[in-house]
Amino acid sequence: MFDRRDPAQAPNPEELAEYIKTPLWEEFCGYMEETYGVRPRVEFSKCGMEYGWNAKFKKGSRALCTVYPREGWFTVMVVVGRREKPAVEAALPTFTPEIRQRYQDTTEGNGQKWLMIDLEDRDERYEDAKRIIGLRVS
């Protein structure tokens with residue numbers, strides 16, 4: 001088992017899946033590859049907000065989302081920038097109350113919101129996360 005906060009110990013895909021311990025991770029990776037043609041790139045972040053190993057899904061140089069592994073679940077971070085903001089806000093009433101509240105509570109900086117969505121199960125939050133990523137792509 002890898003140490004998420006040890007920069008000298010990069011996890012391989014199997015170790016990452018074993019750490020996350022939910023079939024939803026494999027499903028999410030499959031969805032991202034099938035829908036956008038992207039696979040996770042494991043990177044180490046020294047950011048104070050989320051120090052440690054993460055997985056970025058990038059299309060070219062543009063990050064579609066970043067995943068922070070947790071034991072038994074994972075967090076998807078989607079940056080809602082100036083370009084996506086009108087579409088996300090127009091669709092906001094169709095999202096779950098939890099995601100609407102999370103969006104409202106997320107502080108905006110430089111015209112962006114860094115929306116963090118915790119995922120454990122295949123539920124409405126999972127579907128909302130996929131829709132927000134889709135709005136970021138289009």
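The second largest pocket has a volume of about 180 Å³, a figure for the space filled by probe spheres set on grid points joined across faces, edges and corners. Here a pocket is an open set of points on a 1 Å grid over the protein atoms alone, where a 1.4 Å probe fits, with protein on both sides within 12 Å along at least five of seven lines; lining residues have an atom within 4 Å of a point.

This is a predicted model, in which local features need pLDDT of at least 70 and side-chain atom pairs pLDDT 80 or more, while totals for chains, interfaces and linings use all residues. Residues are numbered from 1 along each chain as its sequence is written, and side-chain values use heavy atoms, leaving out hydrogens and water.

**Exercise 1.** Describe the lining of the second largest pocket.

*Solution.* Let's start at the centre.
- Of the 14 lining residues, K56, T66, Y68, M77 and W114 lie nearest the centre.
- Two or more residues each come from β2 (52–59), β3 (62–70) and β4 (73–80); strands are DSSP runs of E with at least two residues, and helices are runs of H or I with at least four, numbered from the N terminus.
- The top contributor is β3, which gives four residues.
- By class, the lining has eight nonpolar, three polar and three charged residues, where Ala, Val, Leu, Ile, Met, Phe, Trp, Tyr, Cys and Pro count as nonpolar, Asp, Glu, Lys and Arg as charged, and the others, Gly among them, as polar.

**Exercise 2.** Now do likewise for the largest pocket.

*Solution.*
- Its volume is about 240 Å³.
- Among the lining residues are W25, C29, R39 and P40.
- The elements giving two or more residues are α1 (13–20), α2 (23–36) and β1 (40–45).
- The class count is eight nonpolar, no polar and four charged residues.

**Exercise 3.** Why do C29 and C47 form no disulfide with the closest cysteine?

*Solution.* Recall the cut-off: a disulfide is a pair of cysteine sulfur atoms within 2.5 Å.
- For C29, the closest cysteine sulfur is in C65 at 9.2 Å, too far for a bond.
- For C47, the closest is again in C65, at 16 Å, which is also too far.
- As for surroundings, C29 is buried at 13% relative accessible area, and C47 is partly exposed at 36%; buried means under 20%, exposed over 50%, and partly exposed in between (1.4 Å probe, protein chains only).
- The search of the whole structure finds zero disulfides.

**Exercise 4.** Which parts of the chain does the salt bridge between E71 and K21 tie together?

*Solution.* A salt bridge is a side-chain nitrogen of Lys or Arg within 4 Å of a carboxyl oxygen of Asp or Glu, and the whole structure has 14.
- The N to O distance for E71 and K21 is 3.8 Å.
- E71 sits in the loop between β3 and β4, and K21 in the loop between α1 and α2, so the pair ties together parts 50 residues apart in sequence.
- Both E71 and K21 are exposed.

**Exercise 5.** Place the salt bridge of E127 and K130 in its wider setting.

*Solution.*
- The closest N and O atoms of E127 and K130 are 3.3 Å apart.
- Both residues lie in helix α5 (residues 124–137), three residues apart, about one turn of the helix.
- E127 is partly exposed at 28%, whereas K130 is buried at 11%.
- Finally, E27, R122, E127 and K130 are linked in a network of salt bridges.
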